[in-house]
Amino acid sequence: MKRPIVLHPDPRLKTRCAPVDDLSVDLRRLADDMLETMYDAPGIGLAAPQVGVTTRLIVLDCVKPDEAPPRPLIMFNPQIVAASDEKNTYEEGCLSIPEHFADVTRPAEVEIAWIDRDGNPKSEVFGGLWATCVQHEIDHLDGKLFIDYLTPLKRQLITRKMQKLKRERTRV
Ligand code: NI
């Protein structure tokens, strides 16, 4: 089931999310719903606070649809274990901040540890777009958005435009 996406600014997007200690049926359903919501958007990553749940859960799939079969990943309690000194800059966007994009520089490679949908511990080194995406989504769990990497002026400009967009949407 698709879930509505929370738009910036919203206190749920500024919250440090709580770790998962028990993989309930509800949490697995939430993860499946998040993947459905992400693919439908369409997007390449989604964090639980973006559907209003302040729990440490992210989903992602950075495979380009025409290039390879999809690779949906569900990560509970994802953690950055190691990060490369080498950096990479990508133009980032966010489903909670639609139609705004900006360059963000992050480590080019990261090793991530997480708990998968079946409760098994996993770890993997990600590079390229996967590395950027997984760091962007983990940031969400700490109440951090990609616009927090921009200058205060740019951030305020985007936030004001988003406030206006939200007012327009609630009026409809
Ligand atoms: Ni985002």
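Which spacing do the donors of the nickel ion follow along the chain? The spacing is C-x41-H-x3-H. The legends below describe close-up views of a predicted model.

**View 1. Coordination of the nickel ion by Cys94, His136 and His140.** The donor atoms are SG of Cys94 and NE2 of both His136 and His140. They lie at 2.1 to 2.3 Å. His136 and His140 belong to helix 2, where a separation of 4 residues places them about one helical turn apart. Both of these histidines are buried.

**View 2. The aromatic cluster of Trp114, Phe126 and Trp130.** A search of the whole structure gives 2 aromatic pairs. In the pair of Trp114 and Phe126, the ring centres are 6.0 Å apart and the planes make an angle of 40°, a tilted arrangement. Trp114 is part of strand 6 (residues 110-115) and Phe126 is part of strand 7 (residues 121-126), so this pair ties together parts that are 12 residues apart in sequence. Trp114 and Phe126 are both buried. Phe126 also pairs with Trp130: the centres are 5.9 Å apart and the planes are at 20°, so this pair is stacked. The relative accessible area of Phe126 is 3%. Trp130 has a relative accessibility of 15%, and it counts as buried because the cut-off is under 20%.

**View 3. Arg71 over the ring of Trp130.** The charged end of Arg71 sits 5.7 Å from the centre of the Trp130 ring. Trp130 is also linked through ring pairs to the cluster that contains Trp114 and Phe126.

**View 4. The largest nonpolar core.** This core has 17 residues. The members that touch the most others are Ile58, Leu60, Leu73, Met75, Ile112, Phe126 and Val134. At least two residues come from each of strand 2 (57-60), strand 3 (73-83), strand 6 and helix 2 (128-141). Helix 2 supplies the largest share, 6 residues. Phe126, described above for its ring pairs, is thus shown here as a core residue.

**View 5. Surroundings of Ile58.** Leaving aside residues up to four places away in sequence, Ile58 touches Met34, Leu46, Ala47, Leu73, Ile74, Met75, Pro78, Val134, Glu137, Ile138 and Leu141. A second core, separate from the largest one, has 15 residues, among them Leu23, Leu30, Met34 and Phe76. Met34 is therefore both a contact of Ile58 and a member of this second core, although contact here counts heavy atoms within 4.5 Å, whereas a core is joined through side-chain atoms.

Note on methods: Residues numbered from 1 in each chain as written. Predicted model: local features only at pLDDT ≥ 70, side-chain atom pairs only at ≥ 80, totals over all residues. Heavy atoms only, no water. Phe/Tyr/Trp six-rings, centres within 6.5 Å; stacked < 30°, edge-to-face > 60°. Buried < 20%, exposed > 50% of the residue type's maximum accessible area, 1.4 Å probe, protein only. Lys NZ or Arg CZ within 6 Å of the ring centre and 35° of its normal. Core = buried A, V, L, I, M, F, W, Y, C linked by side-chain atoms within 4.5 Å. Donors = N, O, S within 2.8 Å, 3.2 Å for Na, K, Ca; no water.
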